[in-house]
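Subject: Structure for your review

Dear colleague,

Please find below the structure that I am handing over to you. I would be grateful if you could read the notes that follow with the structure open beside them.

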Amino acid sequence: MSGKPDLAALFGATSSDTFLGLDQCKDFSRIQASSAFIGVPCATPYGSVGAYAKNGPKSLREAIAALTANIERHNFDLGGPTFPQGTERAVDCGDLEWDEKDFAKNRTIIRDAVAKIAKNGVVPIVIGGDDSVPIPMIEAMAEVGDDFTILQIDAHIDWRKEHMGERFGLSSTMRRASEMAHIKNIIQVGARGIGSAHTNDYEDAVNWGVKFFDARQIHKEGIEPVLKQISANTHLIICFDIDALDPAIAPNTIGRAPGGLSYYQALDLISGAASKAKLCAMDFVEIMPEVDVDGLGGLTVSRLVAASMGIIARQHAKIKTG
Ligand SMILES: [Mn+2]
């Protein structure tokens, strides 16, 4: 034996090219699964920082590789195995191609992939990439033909009209979503500190009808007031920027801000929302392994993604989350 003992050695995990050792799927129109992990290195980066979150998808596959031999075991976050009997597993679609210069092409590739997968009744779980990646994902959901509510969980509200001359960048994600005809409600959770928004951006959002629950309010009142805002049986898109989480548990992000959400506040938001609404698409973005601290952020976020897959699998099979 060489090196320090680790969880992978303890559990007998073999190295894995896919998230959780799930089956790989490259043909997006023929997926047999409840959800699909889609790695997206980048969409529309700002020139000043480039594609700083491009290694996010790969980092989550590595972070959870130690558990690939344990996928059948009891997951206490879900009250049973991640994919219990009678449910369909998730698949890993690998990473989408991307171009360093052609951002419109990146957005088209993302839009096409998400539309194909979602129209098949499979829930796309888009793993970014920076927070510009959800814009084409949200756009794609128009092709599914429903109206949607967005639950955005993020330290930042992302309501800039444009930034550095770019309309489709990560500071404008919710502003662009609000302009789409199929987006009827937006609930935003976790804002705190100083972000990209000016006060008039915030006011525009409030006037549009966004319901805000800032991080301080979540720490004071819990997540129940958020769940009350989600109408029963509505179609839901969850946009999760990992900087919503406290940097103590998710340091692997560029926009760290103190006072963030805990693991269970985040997980209970996702499972609580899914118990009321139909979860139709999801993203986790702003994952930047280069600034992680001893793998802690990769650990937190990869477990949150795995639990979300279990929640979606149960919703598909109509089995209650434990
Ligand atoms: Mn953010």
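The notes below describe the sheet, the helices, the metal site and two points of backbone geometry. Please bear in mind throughout that this is a predicted model.

The sheet

The model contains an open sheet of 8 strands, paired in parallel and arranged in the order 4-1-5-10-9-6-7-8. Strand 4 (91-95) and strand 8 (211-213) form the edges, as each of them pairs on one side only. On average, neighbouring strands in this sheet are turned by 15° against each other, if direction is ignored. At one of these edges, strand 8 pairs in the parallel sense with strand 7 (residues 183-189) over 3 bridges. I187 has K211 of strand 8 as its bridge partner.

Helices on the sheet

Helix 6 (residues 199-208) packs on the sheet, where it touches strand 7 and strand 8, and its direction makes about 130° with that of strand 7. Helix 3 (residues 103-119) lies across strand 1 (35-40), strand 4 and strand 5 (123-128), and it runs at about 150° to strand 5.

A pair of helices

Helix 9 (residues 263-276) packs against helix 10 (residues 296-317) at an angle of about 20°, and the two axes are 10 Å apart. Since angles under 35 degrees count as roughly parallel, helix 9 and helix 10 are therefore described as roughly parallel to each other. Their crossing is right-handed. From helix 9, the residues in contact are Y263, A266, L267, I270, S271 and A274; they meet T300, R303, L304, A307, S308, I311 and Q315 of helix 10. Sorted by class, this contact comprises 8 nonpolar, 4 polar and 1 charged residues.

The manganese site

Which residues of the protein act as donors of the manganese ion? They are D154 (OD), H156 (ND1), D241 (OD) and D243, the last listed with two OD entries, and they lie 2.2 to 2.7 Å from the ion. Along the chain, these donors follow the spacing D-x1-H-x84-D-x1-D. H156 is in the loop between strand 6 (148-153) and helix 5 (173-178), whereas D241 belongs to strand 9 (residues 235-241), so this pair ties together parts that are 85 residues apart in sequence.

Backbone geometry

Two places in loops deserve a mention. The peptide bond from G128 to G129 is cis, with omega near 15°, and G129 is found in the loop between strand 5 and helix 4 (134-140). D158, a residue other than glycine, has a positive phi, near 55°. D158 sits in the loop between strand 6 and helix 5, where H156 of the manganese site also lies.

With kind regards

Methods. Residues are numbered from 1 along each chain as its sequence is written. This is a predicted model: local features need pLDDT of at least 70, side-chain atom pairs count only at pLDDT 80 or more; totals for chains, interfaces and linings use all residues. Side-chain values use heavy atoms; hydrogens and water are left out. Axes are lines fitted to C-alpha atoms, for helices over the stretch in contact, and angles run from 0 to 180 degrees between N-to-C directions. Helices (H or I, at least four residues) and strands (E, at least two) are DSSP runs, numbered from the N terminus. Angles under 35 degrees count as roughly parallel, over 145 as roughly antiparallel, 65 to 115 as roughly perpendicular and the rest as oblique. A crossing is left-handed if the near helix is turned anticlockwise from the far one by less than a right angle, and right-handed if clockwise. Contact means heavy atoms within 4.5 Å. Ala, Val, Leu, Ile, Met, Phe, Trp, Tyr, Cys and Pro count as nonpolar, Asp, Glu, Lys and Arg as charged, and the others, Gly among them, as polar. Two strands pair if DSSP finds at least two bridges between them. Donors are N, O and S atoms within 2.8 Å of the metal (3.2 Å for Na, K and Ca); water is not among the atoms, so sites may look incomplete.
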